[in-house]
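Subject: Handing over the structure

Hi,

Here is the structure I promised to pass on to you. Have a look at it first, and then read my notes underneath.

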Amino acid sequence: MEKINVPEIFGSLVFNERVMKERLSPEVYASLKRTIDENVRLDEAVADAVAAEMRDWAIEHGATHFTHWFQPLTGVTAEKHDSFIEPTPEGGVIMAFSGKELIKGEPDASSFPSGGLRATFEARGYTAWDPTSFAFIKGHTLCIPTAFCSYSGEALDKKTPLLRSMQAINRQGMRIMRLFGNDDVKHINTSVGAEQEYFLIDKKMYELRPDLRYTGRTLFGARPPKGQEMDDHYFGVIKPRVSAFMEDLNKELWKLGILAKTEHNEVAPAQHELAPIYSTTNIATDHNQLTMEIMQTVAKQHDMICLLHEKPFAGVNGSGKHNNWSISTDTGINLLSPGETPHENAQFLLFLCAVIQAVDDYQDLLRLSAATAGNDHRLGANEAPPAIISVFLGEELTGILNAIKNDAPYEGVEKVQLKLGVHALPRFSRDTTDRNRTSPFAFTGNKFEFRSLGSSNSIACANIMLNSAVAESLRQYADELEQAEDFQAALHDLIKRVIVEHERILFDGNGYGEEWVKEATEVRGLSNLRTTPDAMPHLLDKKNVEMLVRHKVFTEAEIHSRCEIMLENYCKTVNIEGLTMVDMVRKDYLPAIEEYLYTLARAVESIKNVSPSVKCRYEISTIEKLTDLTDKILDAVEELEKALQDVKNSGTDVITTSGMIRDEMLPRMEKLRGYVDAAEMLTSGKYWPVPSYGKILSSV
């Protein structure tokens, strides 16, 4: 087995601070650090010096090209490669890379989603270097993380508004820091650790499933005799083939400076998870996009396919992405760390209240940040949080907030020492709060875990909304407290008022229960935005537009464009699924069922010719059932074809179209699937045209 020297390879393909400190002059390095740490504008002369060293370093590592690596609104990354070569008069070339090329690129913007911000003929767009996220080498290409905007300056990507939201929460958070006398703090950052779930299946199985190839999920498939009922896959022994994949994946991630930490089997068969150590939010976003890409690349090297769809298989758990979010100062203080006596930690309590209020005031923004066609199949099922957004705090913090609300002394939570009944085993104190896997937004010690994101989602949108909403809470607090004559009294009153006004969002119970849906919506007045067409239009609500524009995270035009793009993506995704279902039914399933029916009919004829008294119960019963199902499948596929045509003819109003897809197409797709899955249970595996769930889920 090859020995991996992790400290030696870690970050070896990254132009990080260590490399910059070694290669740049002290003056250039200091100037660049001020840009990175203090958001100071970059000097062009510094850019030239950085570009020269970045080029030399990249060439030393085998790079021949460079690219501005960006995250358009397609949900994946984009890159246009240019070589370093420049011609010489003698007919040769030199390897050149200027500060201008580092700072700005010019990809064609016309073919990327713009939501009406740009007409097709308006092709010019720009990429701008993000010096806060390190350049890295992928293959033979130097990748430079960049923002992407239109000719007129509108953001056409996920990075730009994310960076703006980080500026917003820093700006408002620093006002609070000054009120508490923290004059040594110069900057506030949010940090994220994004746990990534995924499936691994055999490549040969994947290639035999048109639905997986076209849509990323199985559109048909009867449940196998054994799924996840025994709970034997979760944290189970990792199979050798998967272990080899994980080893190579870790190696590639570590080379790129990605802090891959934890790996294990997840609940469903063939499902796994990778969790990183926290990074600053924009870097964590870049790293998660890279992680998803490299997972898929490494899987293919092992003759496997990595599925990142939220619900690739019906009947077993889907895949999510847990967004662990925290906020801290440049001096190393985690502002969501309660400390030993959280009830006496007023600064912590104020930031805690800011998050609680943000989630309550902007629960619709958090919900729509996780809304996609794929995630609609997952949210609300027993493996994922419900579509209703609520906050779980646990016993200790709930007790503290109740004490403040009631002006009562806090009694505290008794520390319980767990005794396991075996002398050789150590004793340890139980945590003062349990976990709640059914909560979409749970406090887990010194951070909040937003569990609603789908596995294929970029984490950018969720963190844009979370940063912005918390920034708005902090703005309101700072406006009030900066005018207070008695800061301590005003602080106490503010915290108490926020607890009273926003306690409806706090829920520590079972988020899966039907009784919670009723209580949340009818008693507490919380939103229950079950699908993407339900959720996404709320991006345009007046309060949301005003808040996002106030903090300069989006312009109003950018907000409208994103609503249109996300709903358009939803419509296109489901439309492709519908067309794929029709294609598979007409070309694969109906012919296969007919062939099996013909075989059965011939068998009955042959048997009757030899033994007329034989009843042929199995053959005749199966023929009757499959013939009935064949008629139902044909009716259902024709209904789906009509729904597809109706959607096509519905016009250009994407909100109306998405509603039609939700109300008319999806029910017909489910109906068609039900009939085909029933036919699969009656048809000999020899005739069934695609691998079954059982074969796929046990293929690795």
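Below is what I found, starting with the empty space inside and ending with a handful of single residues.

One thing to keep in mind from the start is that this is a predicted model.

Cavities

Let's begin with the holes. The structure has five cavities of 30 Å³ or more. The largest cavity holds about 100 Å³ of space. If you want to find it on your screen, pick out the residues that line it: Val192, Ala194, Ile258, Leu259, Leu274, Pro276, Ile277, Ser279, Ala284, His287, Asn288 and Thr291. Three elements each give two or more residues to that lining, namely β10 (188–202), β12 (271–276) and α10 (281–301). Which of the elements gives the most to the lining? That is α10, with four residues. Sorted by class, the lining of the largest cavity has eight nonpolar residues and four polar ones, while charged residues are absent from it.

While you are looking at α10, click on Ile294 too, since that helix is where Ile294 is found. Its relative accessible area is 9%, so Ile294 is buried. Ile294 and Leu249 are 45 residues apart along the chain, and their C-alpha atoms are separated by 7.1 Å.

The helix α20

Next, scroll towards residues 556–610, which make up helix α20. This helix has 55 residues and spans 80 Å from its first C-alpha to its last, close to the 81 Å expected at 1.5 Å a residue. There is a bend to look for on the way: α20 has a kink of about 45°, centred on Val585.

Just ahead of that helix, Lys552 sits in the loop between α19 (542–550) and α20. Lys552 has a phi near 60°, which is a positive value in a residue other than glycine. With a relative accessibility of 63%, Lys552 counts as exposed.

Asp303 is another residue with that kind of backbone angle: its phi is near 55°, again positive in a residue other than glycine. You will find Asp303 in the loop between α10 and β14 (304–307). Is Asp303 buried, exposed or partly exposed? Its relative accessible area is 47%, so Asp303 is partly exposed. For background, most residues other than glycine have a negative phi.

Cysteines

How many disulfides does the count come to? Zero. Take Cys143, which is in no disulfide: the nearest cysteine sulfur belongs to Cys306 and is 19 Å away. Cys143 counts as buried because its relative accessibility is 0%.

Cys461 has a similar story to tell. Why is the sulfur of Cys461 not bonded to the closest cysteine sulfur? That closest sulfur is in Cys563, 11 Å away, which is too far for a bond. As for its surroundings, Cys461 is partly exposed, with a relative accessible area of 24%.

Cys149 is found in strand β9 (residues 141–150). At a relative accessible area of 22%, Cys149 is partly exposed. Cys149 and Asn282 are 133 residues apart in sequence, and in space they are 17 Å apart, C-alpha to C-alpha.

Two more residues to click on

Ala460 has its place in helix α15 (residues 460–481). Its relative accessibility is 1%, so Ala460 counts as buried. Leu335 is 125 residues from Ala460 along the chain, and the C-alpha atoms of the two are separated by 21 Å.

Asp130 lies in the loop between β7 (125–129) and β8 (135–138). Buried means under 20% relative accessible area, and Asp130 is buried because its value is 5%. Asp130 and Thr146 are 16 residues apart in sequence and 4.9 Å apart in space, C-alpha to C-alpha.

If you want a short tour, begin with the lining of the largest cavity, where α10 gives four residues. Then go to the kink in α20, centred on Val585, and finish at Cys143, which is in no disulfide.

Over to you!

Best wishes

Methods. Residues numbered from 1 in each chain as written. Predicted model: local features only at pLDDT ≥ 70, side-chain atom pairs only at ≥ 80, totals over all residues. Heavy atoms only, no water. 1 Å grid on protein atoms, 1.4 Å probe; cavity = no way out; pocket = protein on both sides within 12 Å on 5 of 7 lines; lining within 4 Å. Points joined across faces, edges and corners; volume = space filled by probe spheres on them. Nonpolar A, V, L, I, M, F, W, Y, C, P; charged D, E, K, R; others polar. Expected span 1.5 Å × (residues − 1). Bend = angle between axes of the 7 residues up to and from the residue. Disulfide = S-S within 2.5 Å. Buried < 20%, exposed > 50% of the residue type's maximum accessible area, 1.4 Å probe, protein only.
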